[in-house]
Amino acid sequence: MNVDLLKDKIRNCGLKCTATRLAVLEYLVTVHRPVSTQEIIQNLKETAINEVTIYRILESFVEKKLITPVDHWNRHRLYEAHMEKSCQVNHAHFSCQQCETVLCIEENTLQISTIPLPPGFQLKQVRLQIEGICPNCIK
Ligand SMILES: [Zn+2]
Ligand SMILES: [Zn+2]
């Protein structure tokens with residue numbers, strides 16, 4: 001991932017590009033799946049960013065539409081950041097019923113935008129959640 005591109009994304013939202021903001025965004029873009037605040041905190045432990053700061057950064061990123069909140073079974077709020085345009089609009093989430101890992105399934109493999117609608121209707125956004133068991137839990 002191009003770090004300069006991420007810096008630009010943050011600045012283009014009118015936010016100051018601090019090392020902390022960059023670390024949070026870089027983590028989200030790198031994992032490329034929805035993650036919980038706890039997971040972000042856990043993974044950025046070495047950088048010694050305090051939790052309150054992370055919560056605040058996530059809130060400001062959502063507000064600026066830099067990242068997307070994903071509601072997971074109405075239990076945890078997860079966050080994801082996709083830089084590709086196609087991912088931002090239509091893609092599905094696979095949730096493992098056992099370990100609760102959530103993965104993104106990209107638009108091009110699913111062709112969500114070809115879902116037939118009644119005549120005259122216009123598709124704006126699809127939120128699709130698929131549940132099953134991941135390979136780690138099948139073992
Ligand atoms: Zn699993
Ligand atoms: Zn996703």
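**Close-up views of a predicted model**

**View 1. Four cysteines hold the zinc ion (ligand 1).** Cys96, Cys99, Cys134 and Cys137 each donate through SG, at 2.2 to 2.3 Å from the zinc ion (ligand 1). The model shown here and in the other views is predicted. Angles among the four donor atoms run from 107 to 114°, and the site is tetrahedral. Along the chain, the donor residues follow the spacing C-x2-C-x34-C-x2-C. Cys99 and Cys137 link distant parts of the chain, 38 residues apart. Cys99 sits in the loop between E4 and E5, and Cys137 in helix H7 (residues 135-138). Cys99 has a relative accessible area of 37% and is therefore partly exposed. Cys137 is also partly exposed, because its relative accessible area is 22%, and the buried class ends at 20%.

**View 2. A mixed set of donors surrounds the zinc ion (ligand 2): Glu80, His91, His93 and Cys104.** Glu80 binds through OE, and Cys104 through SG. His91 and His93 both use NE2. Distances to the zinc ion (ligand 2) are 1.9 to 2.3 Å. The arrangement is tetrahedral because the four donor atoms subtend angles of 98 to 122°; the criterion asks for all angles between 85 and 135 degrees. In sequence, the donors of the zinc ion (ligand 2) are spaced E-x10-H-x1-H-x10-C. His91 has 7% relative accessibility, so His91 counts as buried. His93 is buried too, with a relative accessible area of 10%; the cut-off is under 20%.

**View 3. Strands E5, E4 and E6 form an open sheet with mixed pairing.** The order across the sheet is E5-E4-E6. Strand E5 (102-105) and strand E6 (127-132) stand at the edges. Each has a single partner strand, so one side of each lacks a neighbour in the sheet. Neighbouring strands are turned by 25° against each other on average, direction ignored. Strand E4 (residues 91-96) and E6 run parallel, joined by six bridges. Ala92 stands opposite Leu128 of E6.

**View 4. Strands E1, E3 and E2 form an open antiparallel sheet.** Here the three strands lie in the order E1-E3-E2. Strand E1 (35-36) and strand E2 (68-72) are the edge strands, and each pairs on one side only. E2 and strand E3 (residues 76-80) run antiparallel, with five bridges between them. Val70 has Leu78 in E3 as its bridge partner. In general, strands of a sheet pair through backbone hydrogen bonds, either parallel or antiparallel.

**View 5. Thr37 lies in helix H3 (residues 37-43).** Thr37 is buried because its relative accessible area is 11%, under the 20% limit. Leaving aside neighbours within four places in sequence, Thr37 is in contact with Ile54, Tyr55, Leu58, Arg77 and Tyr79.

**View 6. Asn2 and Gly14 flank helix H1 (residues 3-12).** At the start of H1, a side-chain oxygen of Asn2 reaches to within 2.9 Å of the backbone nitrogen of Asp4. Just after H1, Gly14 takes a positive phi of about 85°.

Conventions
Residues are numbered from 1 along each chain as its sequence is written. Chains are lettered from A and ligands numbered from 1 in the order in which they are written. This is a predicted model: local features need pLDDT of at least 70, side-chain atom pairs count only at pLDDT 80 or more; totals for chains, interfaces and linings use all residues. Side-chain values use heavy atoms; hydrogens and water are left out. Donors are N, O and S atoms within 2.8 Å of the metal (3.2 Å for Na, K and Ca); water is not among the atoms, so sites may look incomplete. Four donors count as tetrahedral if all angles lie between 85 and 135 degrees; four count as square planar and six as octahedral if opposite donors are over 155 degrees apart and all others between 65 and 115; anything else is irregular. Buried means under 20% relative accessible area, exposed over 50%, partly exposed in between (1.4 Å probe, protein chains only). Helices (H or I, at least four residues) and strands (E, at least two) are DSSP runs, numbered from the N terminus. Contact means heavy atoms within 4.5 Å. Two strands pair if DSSP finds at least two bridges between them. Axes are lines fitted to C-alpha atoms, for helices over the stretch in contact, and angles run from 0 to 180 degrees between N-to-C directions. A polar contact is a pair of N or O atoms within 3.5 Å; within protein, one must be able to donate a hydrogen and the other to accept it, and residues adjacent in sequence count only if both atoms are side-chain atoms.
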